[in-house]
Amino acid sequence: MTFLTARRAPIVLMRPARFDQTSGMPLKSKTAGKLISFEGSEGSGKSTQIVRLASHLQQVGRDVVSVREPGGTEIGEQIRNIIVHNSKGDEMCAETELLLFAAARAQLVREKIAPALSRGAVVLSDRYLDSSTVYQGIGRNLAPDPVQMINRFAVGNVMPDLTVVIDVPTEVSLTRIRLRASDVPNRMERANIDFYNKVREGYLVLARGLPERFTVIDGTKSEDEIAKRIWAEVKARLG
Ligand SMILES: Nc1ncnc2c1ncn2[C@@H]1O[C@H](COP(=O)(O)OP(=O)(O)OP(=O)(O)O)[C@@H](O)[C@H]1O
Ligand SMILES: [Mg+2]
């Protein structure tokens with residue numbers, strides 16, 4: 001009996017009424033909240049700005065939910081462990097990496113993001129599907145079509161209302177990462193600088209192609225200045 005109850009509870013959580021009955025895709029209603037994703041290379045300042053934006057939104061009375069990728073759910077954190085563990089070597093192939101990130105994201109969307117949006121919250125996501133497009137697609141040379149298909153399958157219709165790309169030159173992110181003692185040695189230190197230049201350029205290309213969803217913020221400015229610019233974008237685009 002206990003077993004059955006334990007098995008049933010998560011199913012209710014993962015399948016709220018906001019999922020299309022036929023496709024199983026999450027739906028957004030007219031009363032939905034807003035989803036803002038933050039993208040950019042390691043050390044660009046995403047987490048720093050998410051904390052600041054969350055606090056600003058709370059001050060103006062908004063319900064705010066912050067989530068991080070990969071992870072943000074119990075299942076997602078387990079997937080994150082596999083990815084992080086494997087980042088110490090180069091054994092994981094790009095396809096596996098793509099599917100693991102997508103799996104963690106699929107769980108996060110259904111368990112956390114869609115329910116928060118349906119009650120009108122502003123969801124701040126530290127990375128989202130564009131990270132897969134850029135890191136696994138452009139960075140690791142996977143073909144764009146399957147990456148896009150897998151991305152869309154994972155998130156359904158839960159696309160960001162706004163994506164903030166914090167753009168910094170690779171040398172700046174490297175310098176900042178080196179200052180974070182807990183991150184050394186990390187994946188970035190071992191990886192090719194060219195890879196991170198490709199990632200940076202990948203974000204800029206995506207943003208140029210979808211200006212209505214993306215905003216690119218110069219991450220070399222002061223934290224205060226960046227927070228001000230992000231707030232202006234959020235206010236202008238989300239009302
Ligand atoms: N505008 C800024 N100017 C200088 N340093 C900054 C700025 N924003 C953040 N930092 C510092 O840079 C480091 C990286 O910032 P943060 O952790 O927010 O980046 P991130 O994009 O979340 O990185 P990761 O992808 O590795 O999680 C931190 O030590 C932070 O204090
Ligand atoms: Mg971070």
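Student: Which residues in H9 are met by Asp130, Thr133, Val134, Tyr135, Ile138 and Gly139 in H5?

Tutor: This is a predicted model, in which local features need pLDDT of at least 70, side-chain atom pairs count only at pLDDT 80 or more, and totals for chains, interfaces and linings use all residues. Residues are numbered from 1 along each chain as its sequence is written, while chains are lettered from A and ligands numbered from 1 in the order in which they are written. Helices (H or I, at least four residues) and strands (E, at least two) are DSSP runs numbered from the N terminus, and residues are in contact if their C-beta atoms, placed from the backbone, lie within 7 Å. In H9, the residues met by those of H5 are Phe195, Lys198, Val199, Gly202, Tyr203 and Leu206.

Student: How many nonpolar residues does the contact of H5 with H9 have?

Tutor: Ala, Val, Leu, Ile, Met, Phe, Trp, Tyr, Cys and Pro count as nonpolar, Asp, Glu, Lys and Arg as charged, and the others, Gly among them, as polar. In the contact of H5 with H9, three residues are polar and two are charged. The number of nonpolar residues in this contact is seven.

Student: Are H5 and H9 roughly parallel or oblique?

Tutor: Axes are lines fitted to C-alpha atoms, for helices over the stretch in contact, and angles run from 0 to 180 degrees between N-to-C directions. The axes of H5 (residues 129–139) and H9 (residues 193–209) come within 9 Å and cross at roughly 130 degrees. Because of that angle, H5 is oblique to H9. Angles under 35 degrees count as roughly parallel, over 145 as roughly antiparallel, 65 to 115 as roughly perpendicular, and the rest, such as this one, as oblique.

Student: How is H4 placed against H6, roughly parallel or roughly perpendicular?

Tutor: The axes of H4 and H6 (residues 144–155) come within 8 Å, crossing at roughly 25 degrees. H4 is therefore, relative to H6, roughly parallel.

Student: Which helix gives the most to the largest nonpolar core?

Tutor: A nonpolar core is a set of buried Ala, Val, Leu, Ile, Met, Phe, Trp, Tyr and Cys residues joined through C-beta atoms within 7 Å. The largest one has 48 residues, and Ile36, Val109, Ile113, Val123, Leu124, Val164 and Ile230 have the most contacts inside it. With 11 residues, the helix that gives the most is H4 (residues 94–118).

Student: Is Ser44 buried or exposed?

Tutor: A residue is buried if 20 or more other C-beta atoms, placed from the backbone, lie within 10 Å of its own, exposed if 12 or fewer, and partly exposed in between. Ser44 lies in the loop between strand S1 (34–39) and helix H2 (46–59). Leaving aside neighbours within four places in sequence, Ser44 is in contact with Ile166, Val168, Ser173 and Gly219. Because Ser44 has 26 C-beta neighbours inside 10 Å, Ser44 counts as buried.

Student: What does Gln78 count as by its C-beta neighbours?

Tutor: Gln78 is placed in helix H3 (residues 74–86). Since Gln78 has 13 C-beta neighbours inside 10 Å, this residue counts as partly exposed.

Student: What percentage of the residues in the protein is buried?

Tutor: The protein has 10 helices and five strands. Out of its 239 residues, the buried ones make up 38%.

How values were computed. Two residues are in contact if their C-beta atoms, placed from the backbone, lie within 7 Å.
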